[in-house]
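Reader: I should like to go through this structure with you. Could we begin with how the chains meet?

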Amino acid sequence: MNPLKHAKRMAFRLRTWQIGLLVMIFVFWHVMTKPGLVPAVVFDNDAQAAFFFGEPLEIFTRIWEWFVTNADIYVHLWTTLVETVLAFVIGTITGGAVGMWLALSPFAAAVADPFIKGLNSMPRVILAPIFAVWFGLGIASKVALGVTLVFFIVFFNVYQGVREVNPNVLASARMLGASKGQLMQYVYTPSAMSWVFSSLHTSVGMAFVGAVVGEYLGSSKGVGYLILQAEGVFDINTVMAGILVLTAFALVLDWGVGLIERRAMRWQPRAGSSVTLKGGI
Amino acid sequence: MTRPAIELTDVSCTFLSEDGGVHSHYTAVRGVNLTVGTGEFVSVVGPTGCGKSTLLNMSAGLLEPSQGAVRIFGEPLVGLNRRAGYMFQADSLMPWMSAIDNVSAGLVFNGMNKSEARDRAAEWLRRVGLSGFENSYPHHLSGGMRKRVAMAQTLIMDPDIILMDEPFSALDIQTRQLMENELLALWAAKRKAVLFITHDLDEAIAMSDRVVVMSAGPESHPIGQFLIDLPRPRDVAEVRVTPRFIELHTAIWSVLREEVLKGYQRNRGN
């Protein structure tokens, strides 16, 4: 069998196994929670498992209602998406600008060092309620939370990326006549961007977390809000449905980021260099 | 009398370092007098760590001498040497740019419009034998190919002085000889002043008009210079077996060997 056919076959096998596993999980879930199918082992009666874990059929019904029958999830999905993208863009621009500035001004960097360390060490998710007070229950507080998470990741990566520019490359560009602005455009920024792109998955993930957690802690729209409402009435099926939708959403974001990353990192010898993650929650 | 391209007069360079609170200084070169005439190909050889690269960096304006004067075509050097091109020992191509973008970079930096710069770069890539590789990134290219791109990148600027820091030392011997011949062929078209640093005495004699021998560091200085009167054009592989080459090699090596041993002893003693 020729190598290309072999590779395609292997990929097909892989997908089959993955889909099979997913189906098995849902079947197991269904069997264990549908009242009457399996005698109660852990719980007092066989209706309680459904209460704690939800039933897959109900969950899929809810998802169907959201997307097709009532079609009322779109405004919430859109809200969460807008919050994620805004948090990501603002966090990246501010983190990048500050990272670039401090990398090129050693004195400013030395002065700012303990402050940055302190701010980074603080568990920033705690800020969500404060942001709600400052910015209200609209998208601003969710974006603010996402920004605090994204900022530090991008900052540390740009800082390292600029400081670790190959000195030969820098000297070579200078000898070729590059002005300070051209050095910034043709040397420092591409060097920093490669570090940023290698942490893109994490930054987008963090923006997403900021959006959803912010919604969860107080909001009037968004998928996190839907989950929050459902939890208030112990509607576990809606909660699970919300979680599944979020997960699918996150996977789509991740795939999109992967596309951008592959295109931007064409010039690198190895895909996915290891980067120490210094930003945290 | 035409002014020399590079003139180092009584130049010294001292580096300060701080190692865990202890300040120390290291004088790489002291009292160096060196000239490179316009159109002259000068090689500097010497034991490892004798400050050869320091001389080059001072000629480029990347480093300022602690003492003494650096003059370029008679004018004192202030800031970067705008009339010189520099070929580095290690990779200095911008890895995020394709070959043609790297080669056209210098022209773009100096204000040429992109499409004209690209046309010229494509021509230079053809001259160094890399047509077809315009859009390849450096990591797709072999070491020798990267060196050729770097050569094109430097020479496209048509600098009056070419500074080279052991440019071929990282290549295997066959590629190295090919590159040496390439460089001589490109240089022969418009003879520019070249200051060429190398460990390889064979390379130095085969390529240059004059070879300067540096003493062992620290406080290194030139201890001898030899005029190479081998006729041009030369093939670096074939010229090695001519009698005059062997004479020159013996003469220079007798001076150089002392310094190499001295340098080795000093390092062992530390």
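Author: One definition is needed beforehand: two residues are in contact if their C-beta atoms, placed from the backbone, lie within 7 Å. Please also note that this is a predicted model.

Reader: On that basis, how many residues does the contact take from chain B and from chain A?

Author: The contact takes 19 residues from chain B and 17 residues from chain A. On the side of chain B that touches chain A, β6 (84-87) and α2 (99-109) of chain B are the elements giving two or more residues. The most comes from α2(B), with three residues.

Reader: And by class, what is on that side of chain B?

Author: The side of chain B that touches chain A has 13 nonpolar, five polar and one charged residues.

Reader: Turning to domains, how is chain B divided?

Author: Chain B has domain 1 (6-83 + 159-269) and domain 2 (86-158). Their C-alpha centres lie 25 Å apart. In contact are 17 residues of domain 1 of chain B and 13 residues of domain 2 of chain B.

Reader: Which element gives the largest share of the domain 1 side?

Author: That is α5(B), with five residues on the side of domain 1 of chain B that touches domain 2 of chain B. That side divides into 12 nonpolar, two polar and three charged residues.

Reader: Now the sheet: in what order do the four strands run?

Author: The order is β2-β1-β4-β5 in chain B, in an open sheet with antiparallel pairing. The edge strands are β2 (22-36) and β5 (75-76) of chain B.

Reader: What joins β4 to β5 in chain B?

Author: Two bridges join them, and I72(B) stands opposite E75(B) in β5(B).

How values were computed
Residues are numbered from 1 along each chain as its sequence is written. Chains are lettered from A and ligands numbered from 1 in the order in which they are written. This is a predicted model: local features need pLDDT of at least 70, side-chain atom pairs count only at pLDDT 80 or more; totals for chains, interfaces and linings use all residues. Two strands pair if DSSP finds at least two bridges between them. Ala, Val, Leu, Ile, Met, Phe, Trp, Tyr, Cys and Pro count as nonpolar, Asp, Glu, Lys and Arg as charged, and the others, Gly among them, as polar. Domain bounds come from an automatic or database domain assignment.
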